[in-house]
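Visitor: Please take a close look at the salt bridges in this structure. Which residues form them, and where do those residues lie?

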Amino acid sequence: MPTTARWAATLTLTATAVCGPMVGSAHAAPSLGPSGLYAPSALVLTTGHGNSAATVTPERAVTLNCAPTASGTHPAAGLACAELRGAGGDFDALTVRDGAFCTKQFDPVVVTVDGVWQGKRVSYERTFANECVKNSYGMTVFTF
């Protein structure tokens with residue numbers, strides 16, 4: 001075999017040996033979906049009777065995940081996520097719903113929210129006068 005033909009054959013085989021696995025591995029690699037399409041939104045909500053979160057023993061706790069889909073142990077996760085999205089994730093923007101009537105009995109209930117909302121750390125605490133008042137804020141977020 002002439003030197004030029006040997007050189008061309010060697011070059012072709014080397015290129016195939018080096019580049020062949022790269023092409024094959026690109027096709028054989030599992031398809032990984034794009035990451036980071038949704039900012040995480042995962043919250044833990046607790047409630048208990050008392051004046052502040054520092055002194056209250058939580059009586060109930062639920063989880064609420066809102067991205068990419070609503071899930072968690074919250075009894076109305078889909079509605080709660082929609083309500084929070086409508087309020088821009090601002091728990092103070094949840095207002096008393098129309099037609100809610102509560103007694104003026106003082107039996108304080110503390111609600112805490114900890115976690116992440118659309119990629120940002122959240123730590124929220126609010127004391128309501130009683131259970132009825134707590135449940136009247138918004139429609140579903142604090143109703144658990």
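Guide: A residue counts as buried when its relative accessible area is under 20%, as exposed when that area is over 50%, and as partly exposed in between. By that rule Lys134 is buried, because its relative accessible area is 0%. The model is a predicted one.

A search of the whole structure gives two salt bridges. One of them pairs Lys134 with Glu131, with 3.3 Å between the closest N and O atoms. Both residues belong to helix α3, where they sit three residues apart, about one turn of the helix. Through shared partners, the salt bridges join Arg60, Glu131 and Lys134 into one network.

The other pair is Arg60 and Glu131, whose closest N and O atoms are 2.9 Å apart. Arg60 is in strand β2, which covers residues 60-65, while Glu131 is in helix α3, which covers residues 131-136; the pair therefore ties together parts that are 71 residues apart in sequence.

The burial class can be read for the two remaining members as well. Glu131 has a relative accessible area of 24% and is therefore partly exposed. Arg60, at 35%, is partly exposed too.

To put the network together: Glu131 bridges to Arg60 of strand β2 and to Lys134 in helix α3. Lys134 is the buried member at 0%, whereas Glu131 and Arg60 are partly exposed.

Notes: Residues numbered from 1 in each chain as written. Predicted model: local features only at pLDDT ≥ 70, side-chain atom pairs only at ≥ 80, totals over all residues. Heavy atoms only, no water. Salt bridge = Lys/Arg side-chain N within 4 Å of Asp/Glu carboxyl O. Helix = DSSP H or I, 4+ residues; strand = E, 2+ residues; numbered from the N terminus. Buried < 20%, exposed > 50% of the residue type's maximum accessible area, 1.4 Å probe, protein only.
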